[in-house]
Amino acid sequence: MTLTVLVPDDLGLRVLSAVEGVRPVRYSAGAELPPEAAHAEVLVPKFLQDTDPREFFGRLPKLRLVQLLSAGAERFIGTLPDGVALSTGRGAHGGSTAEWAIGALLAVYRDFPVFERARQERRWDYHLTETLQDKEVLVVGAGDLGEQFRRRLEPFGATATMVGRTARDGVHGVAELPELVGRFDAVLLVVPLTEETAGLVDAALLARMKDGAILVNAARGPVVDTDALVAELVSGRLRAALDVTDPEPLPADHPLWTAPGLFLTPHVAGSCTGHAERAYAVVASEVERFARGEEPRNLVRGAY
């Protein structure tokens, strides 16, 4: 029996056409769905699309799986009809996001933005900088992205300590976070946005970080209390590297724009060449398993 899969673009058509037992059908967001939608059992939403995913569900009576191109699933959790599974694109963008986190730490420690400003002003601003070597980084989120970061960090002579939802071999539990953060030079956030992680990094947790530490957020903006972080940055006690913010995008008058000690990028950690091909490689693997009657590996079950 052939599995009908709705895909949002031509790349999805090409990749999934090569998967045995799968019939991909192209759809367009906001347009009338194709007739095949009446039999579609899998929906691949467009990467980071802004439309409400629930608009599709009433028109997909046979839907059994929503397979994401992204690792973040917060827009879909709690919106799926009963009996519809959710699988993410975990494994597709972890390497790119980990690369951004390494680059952000290097930029802060080695003063790259400072030197770039000096270049624009034609000033020869020779000075010593810090180094990533020997730094201890606390990684909050022990999934694919956290592991990808650890593998890239260690060759720089730095160390990573992992924190997950629950304690396990080599991983601390999130309940230990208040006692851990004060020991580390940097804290990297790579957790999904859930009810448990929203506001995880609040004023009390920030206050426990050691002076001069760097908060790196490659997760989602609402994981951090923005007002509390701004207060720490303005005081000069902490530094930060953010790829995500709350709100997002930032309004022109938001205090983060002028906060000292901040390296900021506009949610681009996973946005680089080849991201779509890597995402569809994961989708193809997940859909192939589903077509064989097996569970996808990336089913959302609430862990991080």
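Biologist: Arg 122 sits in the loop between helix H4 (112-120) and strand E6 (136-140). Where do these helix and strand labels come from?

Modeller: They are DSSP runs, numbered from the N terminus: helices (H or I) have at least four residues and strands (E) at least two. Keep in mind that this is a predicted model, where local features need pLDDT of at least 70 and side-chain atom pairs count only at pLDDT 80 or more, while totals for chains, interfaces and linings use all residues. Residues are numbered from 1 along each chain as its sequence is written, and side-chain values use heavy atoms, with hydrogens and water left out.

Biologist: Back to Arg 122, then: why does Arg 122 count as exposed?

Modeller: Set its value against the cut-offs: buried means under 20% relative accessible area, exposed over 50% and partly exposed in between, with a 1.4 Å probe and protein chains only. Arg 122 has 82% relative accessibility, so it counts as exposed.

Biologist: What is unusual about its backbone, and what about His 267?

Modeller: Most residues other than glycine have a negative phi. Arg 122 isn't a glycine, yet has a positive phi of about 60°. His 267, in the loop between E12 and H9, is another non-glycine with positive phi, near 55°. At 25% relative accessibility, His 267 counts as partly exposed.

Biologist: And which residue counts as buried?

Modeller: Glu 232, for one: its 13% relative accessibility makes it buried. Glu 232 is in helix H8 (residues 226-235). Leaving out residues up to four places away in sequence, Glu 232 touches Leu 206, Ala 207, Arg 237 and Leu 238, where contact means heavy atoms within 4.5 Å.

Biologist: Now for helix packing. Why are H3 and H5 called oblique to each other?

Modeller: Two packed helices are described by the angle between their axes and the distance between the axes. Here the axes are lines fitted to C-alpha atoms, for helices over the stretch in contact, and angles run from 0 to 180 degrees between N-to-C directions. H3 and helix H5 (residues 144-153) pack at about 50°, with axes 8 Å apart. Under 35 degrees is roughly parallel, over 145 roughly antiparallel, 65 to 115 roughly perpendicular, and the rest oblique. H3 and H5 are therefore oblique. Among the residues that meet are Ile 102 and Leu 105 in H3, and Phe 149 and Leu 153 in H5.

Biologist: What makes E2 and E5 edge strands?

Modeller: Two strands pair if DSSP finds at least two bridges between them. The open sheet of five strands has the order E2-E1-E3-E4-E5, with parallel pairing. Strand E2 (22-26) and strand E5 (85-87) each pair on one side only, so they're the edges. Inside the sheet, two bridges join E3 (residues 42-43) to E4 (residues 65-67), and Leu 43 has Val 66 as its bridge partner in E4.

Biologist: How do the peptide bonds before Pro 247 and Pro 249 sit, cis or trans?

Modeller: Most peptide bonds are trans. The bond from Asp 246 to Pro 247 is cis, with omega near 10°, and the one from Glu 248 to Pro 249 is cis too, with omega near -5°. Pro 247 lies in the loop between strand E11 (239-242) and strand E12 (262-264), and Pro 249 is also in the loop between E11 and E12.
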